[in-house]
Amino acid sequence: MKPAVLVARAVQADVIARLREHFDVEDNPGDEVFSKDEFIARLHGKQGVFATGSERIDEAVLAANPLLRAVCNMAVGYNNIDVAACTAHGVVCTNTPDVLTETTADFGFALMMAAARRIAESEHFLRRGEWKKWSVDMFTGGDIHGATLGILGMGRIGQAIARRGAHGFGMRVIYHNRSRLEASVEQACGAAYVGKQELLQQADHLVIVVPYSPASHHAIGAAELVQMKPTATLTNIARGGVVDDAALAKALREKRIAAAGLDVFEGEPTVHPDLLGVPNVVLTPHIASATVATRRAMADLAADNLIAALGFGPSAGRPPTPINPEVLRPTA
Ligand code: DGY
């Protein structure tokens, strides 16, 4: 008998077909978003789950599903998973790093540029039929080239954004991170390490790429926004909750910073109503990794992880990108 797995959301048909070679697959072609109870019920009897970052996997889920052995996220972020609880239950967790780095960095850069150059705001103006004449200060924004790019969180995606800024746009790049990068990595990214306060005060364009954790909750709130330049922009492609959206909406309304670009939100897909009411923010529905090629690569890697984690395929027992490898049995 094949092991049973749940694919929590609709994914590419050939990925499901590949999983079916090894598993008894319950998929979700209707792309229903399961309630917690429904998710727990559907996981019943399953040994693995192909998750997408939207499903919370915590002690309650694990305790109700003792057969579960693998949680494979189709996302690099894994704040939806209680990794410590999974480890305690002997459940291996995996994510999808690397394959989305450049795509996500492209998007972060695009969102930053859209905010700085007021692209969405001016497009809405045009569509409303309000463009009647040229004016000297119509939608004047801030330059990207030659400006100071500040990056909070300097993992793979932060470094890819830094490279774009330093080498593509001649920006001065500064970053703040839990730990400082090696000098050779800093040099390759063209980035200099600074304290958080300097980052806030000196950045013309601040991009947030730090993973969500209780420690990064509201890392950018009213106290941080007040330190930024009134001409600065803020872009968040990390996770909702890293930025205090209510405080940001207030800062944007009061023009305490110039503009923002947000792809992630606290409590998404609900967006804070105050953000919807301010014009100087570009809002996108968590699509930073959404290119056809990258979503395919993410799904393929999540499937590779699930297949290997449950003991099949060429790297049986060794999923390529584990989060808690200590759960895996040592190789002989
Ligand atoms: C990730 O991979 O964590 C992204 O946010 C999902 O698109």
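**Exercise 1. The start of helix H11**

Which backbone nitrogen does a side-chain oxygen of aspartate 244 reach at the start of H11? Determine also which residues of this helix are buried and what they pack against.

*Solution.* The model is predicted, so local features are read at pLDDT of at least 70 and side-chain atom pairs only at pLDDT 80 or more, while totals for chains, interfaces and linings use all residues. Residues are numbered from 1 along each chain as its sequence is written, and side-chain values use heavy atoms, with hydrogens and water left out.

Step 1. A side-chain oxygen of aspartate 244 comes to within 3.2 Å of the backbone nitrogen of alanine 246, at the start of H11.

Step 2. Helices (H or I, at least four residues) and strands (E, at least two) are DSSP runs numbered from the N terminus, and H11 spans residues 245-253. Its buried residues (under 20% relative accessible area, with exposed over 50% and partly exposed in between, for a 1.4 Å probe and protein chains only) are Asp245, Ala247, Leu248, Ala249, Ala251 and Leu252.

Step 3. These buried residues pack against helices H10 (222-225) and H12 (273-276), and against strands E10 (233-236), E11 (259-262) and E12 (281-283), where contact means heavy atoms within 4.5 Å.

Step 4. Just after H11, lysine 255 takes a positive phi of about 55°.

**Exercise 2. Aromatic pairs**

Locate the partners of phenylalanine 23 and tyrosine 175, and state how buried each ring-bearing residue is.

*Solution.* Step 1. The structure holds 4 aromatic pairs, defined for rings of Phe, Tyr and Trp (its six-membered ring) with centres within 6.5 Å, planes under 30 degrees apart counting as stacked, over 60 as edge-to-face and the rest as tilted.

Step 2. One of them joins phenylalanine 23 and phenylalanine 312 edge-to-face, at 5.6 Å centre to centre and 85° between the planes. The two lie 289 residues apart, phenylalanine 23 in the loop between H1 (13-20) and E2 (24-26) and phenylalanine 312 in the segment after H13 (292-309). Phenylalanine 23 is buried at 2% relative accessibility, whereas phenylalanine 312, at 26%, is partly exposed.

Step 3. Tyrosine 175 and tyrosine 193 also form an edge-to-face pair, at 5.4 Å centre to centre and 75° between the planes. Tyrosine 175 belongs to strand E7 (residues 172-176) and tyrosine 193 to strand E8 (residues 191-193), 18 residues apart. Tyrosine 175 is buried, with a relative accessible area of 0%, while tyrosine 193 is partly exposed at 29%.

**Exercise 3. A backbone feature**

Identify the residues that a cis peptide bond joins, and place the proline.

*Solution.* The bond joins glutamate 268 and proline 269, with omega about 15°, and proline 269 is found in the loop between E11 and H12.

Note on methods:
A polar contact is a pair of N or O atoms within 3.5 Å; within protein, one must be able to donate a hydrogen and the other to accept it, and residues adjacent in sequence count only if both atoms are side-chain atoms.
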